[in-house]
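Reader: I have a structure to study and should like to understand how its parts relate to one another. May I put some questions to you about it?

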Amino acid sequence: MSTESGTESLTSAVLESFAETPNQRLKEILGSLTKHLHAFIAEVEPSIEEWEAGIDFLTATGQKCDSVRQEFILLSDVLGVSMLVETINDAETPDATDSTVLGPFHMVESPKRGLGENISPESEGDICVVRGRILSVTGQPIPRASIDVWQANMEGFYDVQQPGIQSIGNGRGLFTADDNGEFYFRSVVPSYYPIPTDGPVGDLLAATNRHPNRPAHIHFIVAAPGYKELTTHIFVGGSEYIESDAVFAVKESLIKPFTTNTDPDAAAAFGVNSPFVEGLIDIVLHPEIHAHTPTHETTKEIVR
Ligand code: BEZ
Ligand code: FE
């Protein structure tokens, strides 16, 4: 006679239904998901109305998604899941620059720009120059790495959130580092901003008395052949909400002072008026890691 309770045998039956899954990684993921999800339900013991409310919440989250809005990424972000995934994957490359969340607004191609160009030509605010080097973990410069950057305007909106107000590409730039791995671009000093609250994720924040704000930052994706691609931010030191990012994405190492540079020669070299605000970040890439990647890729294809 089985000693399993009704709920345990149900969990076993679902696990058993995945027994013939040919992709072992997919089988592992679905098995773990089943175990944890069933344990969660067994612990919470939702009423039918609560279960329906959960289904309605997830349905509304999906329905809020379109080509410029990704409410599921936002949900993953505010639950700390995006940051957990980043942190787990970051552990493989401890000597590289820390990664942080992608966020939901990397959804259009950034315009190619020349070094020094202004990424925010339509934005008002204090002019800043952001510059640094792309280095390997050995300290060698990586020539000609690609650097994709994006940021919100002073009102806290990305271009894709303000059709008719901002052109697509305002606040974005795709740069190529020079032969010494150096890059620089102009922009406006970013400000803190709220993540979108006009959807189910906003309702969740309101219901839990959480604020929706992110500290001031600029997003980066840095890539070079032979290196692991890095998704990260530079956070403006001293920004409001640096201690309580709504998406838990701040890492101490990514907070950089944005300081005033009073050197008129530097201003002339960067094509800005003196004095100007300057943010410095050197970005360290780790050589490409091949282990696990094919299995994860296959999993992605299968569950898509
Ligand atoms: C962002 O920084 O663009 C962002 C990240 C997570 C959620 C919402 C926005
Ligand atoms: Fe952002």
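Reader: How far does a polar side-chain atom of Tyr 158 lie from an oxygen atom of ligand 1?
Author: The model is a predicted one. Tyr 158 is among the residues around ligand 1. Between a polar atom in the side chain of Tyr 158 and an oxygen atom of ligand 1, the distance is 3.2 Å.

Reader: What share of the accessible area of ligand 1 does the protein cover?
Author: Besides Tyr 158, two further side chains offer polar atoms to ligand 1: an N or O atom of Arg 214 is 2.5 Å from an oxygen atom of the ligand, and a polar atom of His 219 is 2.9 Å from an oxygen atom of ligand 1. On its own, ligand 1 has 260 Å² of accessible area, and the share covered by the protein is 100%.

Reader: Which residues are the protein donors of the iron ion (ligand 2)?
Author: Along the chain, the donors follow the spacing Y-x34-Y-x23-H-x1-H. Their donor atoms lie 1.8 to 2.1 Å from the iron ion, with OH serving for each tyrosine and NE2 for each histidine. The residues are Tyr 158, Tyr 193, His 217 and His 219.

Reader: How many residues apart in sequence are the parts tied together by Tyr 158 and His 217?
Author: Both Tyr 158 and His 217 are donors of the iron ion (ligand 2), and both are buried. Tyr 158 belongs to the loop between strand 2 and strand 3, whereas His 217 is in strand 7, so the pair ties together parts whose separation in sequence is 59 residues.

Reader: What is the geometry of the site of the iron ion (ligand 2)?
Author: The site has 6 donor atoms, and the angles among them run from 54 to 164°. Six donors count as octahedral only if opposite donors are over 155 degrees apart and all others between 65 and 115. An angle of 54° fits neither condition, so the site is irregular.

Reader: Is Asn 153 buried or exposed?
Author: Asn 153 is found in the loop between strand 2 and strand 3. Beyond its neighbours within four places in sequence, Asn 153 is in contact with Ser 123, Gln 162, Gln 166 and Ser 191. Its relative accessible area is 6%, and residues under 20% count as buried, so Asn 153 is buried.

Reader: Which helices are included in what covers the buried residues of helix 6?
Author: Helix 6 spans residues 200-207, and its buried residues include Pro 200 and Leu 205. Just after helix 6, Asn 209 has a positive phi of about 55°. The cover over the buried residues of helix 6 includes helix 3 and helix 4.

Note on methods: Residues are numbered from 1 along each chain as its sequence is written. Chains are lettered from A and ligands numbered from 1 in the order in which they are written. This is a predicted model: local features need pLDDT of at least 70, side-chain atom pairs count only at pLDDT 80 or more; totals for chains, interfaces and linings use all residues. Side-chain values use heavy atoms; hydrogens and water are left out. Donors are N, O and S atoms within 2.8 Å of the metal (3.2 Å for Na, K and Ca); water is not among the atoms, so sites may look incomplete. Four donors count as tetrahedral if all angles lie between 85 and 135 degrees; four count as square planar and six as octahedral if opposite donors are over 155 degrees apart and all others between 65 and 115; anything else is irregular. Helices (H or I, at least four residues) and strands (E, at least two) are DSSP runs, numbered from the N terminus. Buried means under 20% relative accessible area, exposed over 50%, partly exposed in between (1.4 Å probe, protein chains only). A residue is near a molecule or strand if one of its heavy atoms lies within 4 Å of it. A polar contact is a pair of N or O atoms within 3.5 Å; within protein, one must be able to donate a hydrogen and the other to accept it, and residues adjacent in sequence count only if both atoms are side-chain atoms. Accessible areas come from the Shrake-Rupley method with a 1.4 Å probe; for residues, only the protein chains shown count as cover. Contact means heavy atoms within 4.5 Å.
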